[in-house]
Amino acid sequence: MTDPFTPPPSRWVQRFTWCLPQGGQVLDLACGSGRHTRYLLDLGYRVTALDRNLANVLDLDGREGLTLVEADLEDGSAFPLAGQSFEGVLVANYLYRPLLPALLALVAPGGGLIYETFAAGNERFGKPSNPDFLLQPGELLETLRGQLRILAFEDLVVSEPRPAAVQRVAARREV
């Protein structure tokens, strides 16, 4: 059951959950508060929730279908999920460019990717404002081109849940 104190899942994630094979194993990368982990578990997916600090999802520990992985993806260590594959990979509000090739490699044939994060222009709304954490125009789309089939892409300013410049994509790996 969804935690009433956790923010609701992103509308983009809700809109494109259909591109993740039903009941499949989904990676929620940089899971944070667990809003997407909770949402996907409630829909019957098996979820691997990965974050450098799992304190905000420890209440889910032991829940059927959940695997918790605590790892710092930016400290130079080996990627903890290398060689694995998932029917779905979900990333929200996180960008670490050196990790992008490894993330794409995790998407199994027939699997989906849902990615939504901040873009250049967000600095006028607050944090993040560091260019290292802001996608350049069309960058996410260009990164995926030729690797996954793009189902939907947006590069825009949104007003909810707060004003922000974002890029988001839903994509599938062909079988």
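**Why the labels fit: burial, salt bridges and the sheet**

Trainee: Why is arginine 149 called partly exposed?

Mentor: The relative accessible area of arginine 149 is 46%, and since buried means under 20%, exposed over 50% and partly exposed in between (1.4 Å probe, protein chains only), the value of 46% makes arginine 149 partly exposed. This is a predicted model, in which local features need pLDDT of at least 70 and side-chain atom pairs count only at pLDDT 80 or more, while totals for chains, interfaces and linings use all residues. Residues are numbered from 1 along each chain as its sequence is written, and side-chain values use heavy atoms, with hydrogens and water left out.

Trainee: What makes the pair of glutamate 174 and arginine 149 a salt bridge?

Mentor: A salt bridge requires a side-chain nitrogen of Lys or Arg within 4 Å of a carboxyl oxygen of Asp or Glu, and the N to O distance between the side chains of arginine 149 and glutamate 174 is 3.9 Å, which satisfies that limit. The pair links distant parts of the chain, with glutamate 174 in the segment after strand 7 and arginine 149 in strand 6, 25 residues apart; here helices (H or I, at least four residues) and strands (E, at least two) are DSSP runs, numbered from the N terminus. Glutamate 174, at 49% relative accessibility, is also partly exposed.

Trainee: How do you know that arginine 38 is buried, and how is aspartate 59 classed, as buried or exposed?

Mentor: Arginine 38 has 2% relative accessibility and therefore counts as buried, whereas aspartate 59, with a relative accessible area of 51%, is exposed. Their side chains nevertheless meet in a salt bridge of 2.8 Å, N to O. That pair, 21 residues apart, connects helix 2 (residues 35-42), which holds arginine 38, with the loop between strand 2 (46-51) and strand 3, which holds aspartate 59.

Trainee: What does the salt bridge of arginine 63 and aspartate 42 tie together?

Mentor: In this salt bridge the closest N and O atoms are 2.7 Å apart. Arginine 63 lies in the loop between strand 2 and strand 3 and aspartate 42 in helix 2, so parts 21 residues apart in sequence are tied together. Both residues are partly exposed, because arginine 63 has a relative accessible area of 24% and aspartate 42 one of 35%.

Trainee: Why is arginine 168 counted as buried?

Mentor: Arginine 168 has 14% relative accessibility, and therefore counts as buried. Arginine 168 has its place in strand 7, where its side chain makes a polar contact of 2.9 Å with that of glutamate 116 and another of 2.7 Å with that of glutamate 154; a polar contact is a pair of N or O atoms within 3.5 Å, and within protein one must be able to donate a hydrogen and the other to accept it, residues adjacent in sequence counting only if both atoms are side-chain atoms.

Trainee: What makes strand 6 an edge strand?

Mentor: Seven strands form an open sheet of mixed pairing in the order 3-2-1-4-5-7-6. Strand 6 (149-158) and strand 3 (66-70) are the edge strands, as each pairs on one side only. Strands pair if DSSP finds at least two bridges between them, and nine bridges join strand 6 to strand 7 (residues 164-172), which run antiparallel. Within that pairing, phenylalanine 153 stands opposite valine 169 in strand 7.
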